[in-house]
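Here are some notes to go with your first look through this one. Have the viewer open as you read, and take the points in order.

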Amino acid sequence: MRLFSVLSAVGGILFSSLAAAAGEAPAVYGVSTPGTSLVVKAEQGKMPRFLYFGPSIETPDIDFLCRAGGPVAYPVLGLDCATDAALSVVHPDGNLSLDMAVESVSLSSDEDSEILTVTIRDKVYPFSVDLCWKAYHDVDMIEARTVIRNDEDGPVTLTRFDSAFLPIRRDAWLAHLSGTWAGEARLTTEQLELGVKMIADRNGVRNSHNSHAEVMFGLDGRPQENSGAVIGAALCYSGNYQLRIDTDASDYHKFFAGINPDNSQYVLEPGESFETPPVALTYSIEGLGGASRNFHDWARAHRLAHGDRERKVLLNSWEGISYFITEQAMDDMISDLASLGGELFVMDDGWFGDRYPRMNDRSSLGDWTVDREKLPHGIGHLVQTAASHGVGFGIWIEPEMTDTTSELIETHPDWVVRIPQRDIVTGRAGAQVLLDLTNPDVQDFVFGVVDSLMTQNPGIEYIKWDANNSGRPNGADRYPADRQSRFYIDYHRGLASVLDRIRAKYPDLTMQACAGGGGRVNYGILPWFDEFWTSDNTDALQRIYIQWGTSYFFPAIAMGSHISASPNHQTARDVPLKYRIDVAMSGRLGLELQPRSMTDQEREMCRKAIGEYKEIRPVVQFGDLYRLVSPYDGKSVASLMYCSRDKSRAVFFWWKLEHFQGMSLPRVRMAGLDPARHYRICELDRIDTVPLPLEGLTFSGAFLMSRGLDIPVSHTLDPGHRTSWSSRVLYLEAVD
Ligand code: DGJ
């Protein structure tokens, strides 16, 4: 244990020189990342105090903080009920109080990080909590979580059990995401007022359609993109959550984040420990953009599956062909994709069902046998066809669900979640029901869905894992009367255990987390998944907003972003192909259409765009994101760019959002470039009959970032091809 080494450097432990000078055991401890520190005071016999979270701090400053003191680091409900608490319990004897104090402090490390653990223990009851802060060596991210342990002689009911508490100095602003199916990730930025602001989810199975478990706090007024202090926080959980910000007359907003205790009070058995999901915390003085880049770095390095692997350009069959899968149609899509330069074909919903063929969303989930009417030569044939065209093969499944019309429910009616005394609760199309993943037999079945596909067709390299149903049931008949409220928590444990098994056996498989679009865009599901389907809405204009919000927390490499047909399937909006391409290229590019419905000219445009995307892919997928003009700012445009780490390459995206005669658009200042270098500009996905005036020209990074570029309001096109839409993708390459 290196509790007392003085390190203000990366990944070290910090302590107060006061105590060290006096030869006493220091009571102040901290952890640090490359650019941030988190400091707590942990005196024996007292509750730990939160002293600091911010840019790297030095020992003399810690001494000052130590004298000044700070709020309790993890408020518990007990002797002081006036304020909100992170933890509340009912002891076996009915006592509702906690009175805790520091018992011990320890430091451990793994290859990525240092972990500070402060253990607090009740003064009377054998009940303890480890408060853990894990600081990464290579990114500015600290994960906070707790481990709650019951050593009492009977069960303790946890009525609130937050992962972490963070006091945030007033007066802060909050940025958060909310929405609905096909309208996910709308951004709200608001000043925090007196009272409680709560962001909560109770869906049970998927948790990000309506709100998100990730937030940003602006500490210097309304948060700005590239300046000002910002704290980002992401609860890494895929189940029900509750984020609360309690603002009273004190100096601090009190931020609590954890599993939502509504319907989920947890009975902790004697000898049992409860590990809460981590809350990832980051601090940046480079505004929202800096905090986002920290999340993206951490995601790629530590959270995403295969965060260092380039994603392939894929064609997904859903919007192109819906349930009407046939072998010929799949063969055609595969060869069309190959001719466009695509790299992976994904067969979506509609390929399965024997007694009940899947023709719509009212039947067949759970019957994961190939529909031989549609695919007489099975999946193996498609894998081979794909291989013969030099593309990979992927497949859609929704293994947590079944339908009221399915062979599975006939064989295993007891595998479906049911509330005692109630009728079964149905979801999608009035037919879809949830399998009870708390049941080990169901876990084996769900693992088996993937395992059989993979063992029978080892060529499968991608799985789109969908979840179109909400949890809905409140409780489950497998549980005794006094344990009903465990269901949702155990459901997600069951899911995690299945996914662990899948990843152990198939570490190279690429997996997309889809949940009726963006229902599972969270950091809790990520250790197992490579990417998200951020929305079922593929309308390019609305996608700008959806991807903008999502980019606050998640990197482009994790955002499936597909060129779809026009008019759009969800919004019926007509958007020209150029614009659709330019939006899709800003994420993980794919196609969501029937290539045979395109004209030759459109196919050629897609082929060219895919080729260009392959060139810029490393910059988009691994580069630093700079958001330049927000679609929420009412400036009629949105713009962002990605810069390679060494600042030698960049890709600039610009989309006009509305069109009026005589409109004036803002000049866009770039960001993230090297001011001292010079960059040559080349337009990608060009449709204009004449090049832009800046085409092929070289500009200094300083000029591009201080003055910026004027982008024309319209495209220059032949009469008859004119469009009110306008978008640009510029590739910048350093020439010196
Ligand atoms: C919802 C998904 O988000 C869609 O992409 C598609 O896979 C459908 N489910 C299929 O039912």
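Which atom of glycine 517 lies 3.0 Å from an oxygen atom of the ligand? It's a backbone N or O atom of that glycine. Before going further, bear in mind that this is a predicted model.

1. **The ligand and its polar partners.** Glycine 517 brings a backbone atom to within 3.0 Å of a ligand oxygen, and two side chains belong in the picture as well. Arginine 428 has a polar side-chain atom 3.0 Å from an oxygen atom of the ligand. For aspartate 536, an N or O atom in the side chain is 2.3 Å from a ligand oxygen. As for how enclosed the ligand is, on its own it has 290 Å² of accessible area, and the protein covers 98% of that.

2. **Who else is around the ligand.** There are 13 residues around it, and the ones that come nearest are Asp348, Asp349, Lys464, Asp466 and Asp536. Sorted by class, the shell has 6 charged, 4 nonpolar and 3 polar residues.

3. **Glutamine 432.** Look for this residue in strand β25, which covers residues 432-434. Is glutamine 432 buried or exposed? Its relative accessible area is 0%, so it counts as buried. Setting aside neighbours within four places in sequence, glutamine 432 is in contact with Leu365, Glu398, Met401, Thr402, Asp403, Val425, Thr426, Gly427, Asn468 and Asn469. One of those, Asp403, is worth a visit of its own.

4. **Aspartate 403.** This residue is in strand β24. Aspartate 403 counts as buried because its relative accessibility is 0%. What does its side chain make a polar contact with? The partner is the side chain of arginine 358, at 3.3 Å. A polar atom of the aspartate 403 side chain also lies 3.0 Å from the backbone nitrogen of leucine 365. Beyond residues up to four places away in sequence, aspartate 403 touches Arg358 and Leu365, and its list of contacts also includes Asp361, Ile409, Ala431 and Gln432.

5. **Threonine 405.** Move on to the loop between β24 (401-403) and α7 (407-411), and you'll find threonine 405. Threonine 405 has a relative accessible area of 31%, which means partly exposed. Leaving out residues up to four places away in sequence, threonine 405 touches Tyr356, Arg362, Ser363 and Ser364. Arg362, Ser363 and Ser364 are also among the residues that aspartate 403 touches. If you'd like a distance to check, the C-alpha atoms of threonine 405 and glycine 366 are separated by 9.8 Å, with the two positions 39 residues apart along the chain counted as their spacing.

6. **Helix α3.** This helix runs over residues 287-303, 17 residues in total. From its first C-alpha to its last it reaches 22 Å, close to the 24 Å expected at 1.5 Å a residue. Of its 17 residues, 15 are buried, so α3 is largely enclosed by the rest of the structure.

7. **Alanine 305.** In the loop between α3 and β21 (314-316) sits alanine 305. With a relative accessible area of 8%, alanine 305 is buried. Which residues is it in contact with, leaving aside neighbours within four places in sequence? They are Arg311, Arg503, Leu526, Pro527, Trp528, Phe529 and Asp530. For Pro527 there's a C-alpha distance too: alanine 305 and proline 527 are 222 residues apart along the chain, yet their C-alpha atoms are separated by 5.7 Å.

8. **Backbone oddities.** Most residues other than glycine have a negative phi, and most peptide bonds are trans. A cis bond joins arginine 170 and aspartate 171, with omega about -5°; aspartate 171 is in the loop between β10 (156-169) and β11 (173-180). Another cis bond joins serine 566 and proline 567, with omega about 0°, and proline 567 has its place in the loop between β29 (559-564) and α11 (577-584). Glutamine 421 has a positive phi of about 70° and lies in the loop between α7 and β25, exposed at 81% relative accessible area. Serine 636 has a positive phi of about 70° and is in the loop between β31 (624-629) and β32 (637-643), but serine 636 is buried, at 12%.

Methods: Residues are numbered from 1 along each chain as its sequence is written. This is a predicted model: local features need pLDDT of at least 70, side-chain atom pairs count only at pLDDT 80 or more; totals for chains, interfaces and linings use all residues. Side-chain values use heavy atoms; hydrogens and water are left out. Helices (H or I, at least four residues) and strands (E, at least two) are DSSP runs, numbered from the N terminus. Buried means under 20% relative accessible area, exposed over 50%, partly exposed in between (1.4 Å probe, protein chains only). Contact means heavy atoms within 4.5 Å. A residue is near a molecule or strand if one of its heavy atoms lies within 4 Å of it. A polar contact is a pair of N or O atoms within 3.5 Å; within protein, one must be able to donate a hydrogen and the other to accept it, and residues adjacent in sequence count only if both atoms are side-chain atoms. Accessible areas come from the Shrake-Rupley method with a 1.4 Å probe; for residues, only the protein chains shown count as cover. Ala, Val, Leu, Ile, Met, Phe, Trp, Tyr, Cys and Pro count as nonpolar, Asp, Glu, Lys and Arg as charged, and the others, Gly among them, as polar. The expected span of a helix is 1.5 Å times one less than its number of residues.
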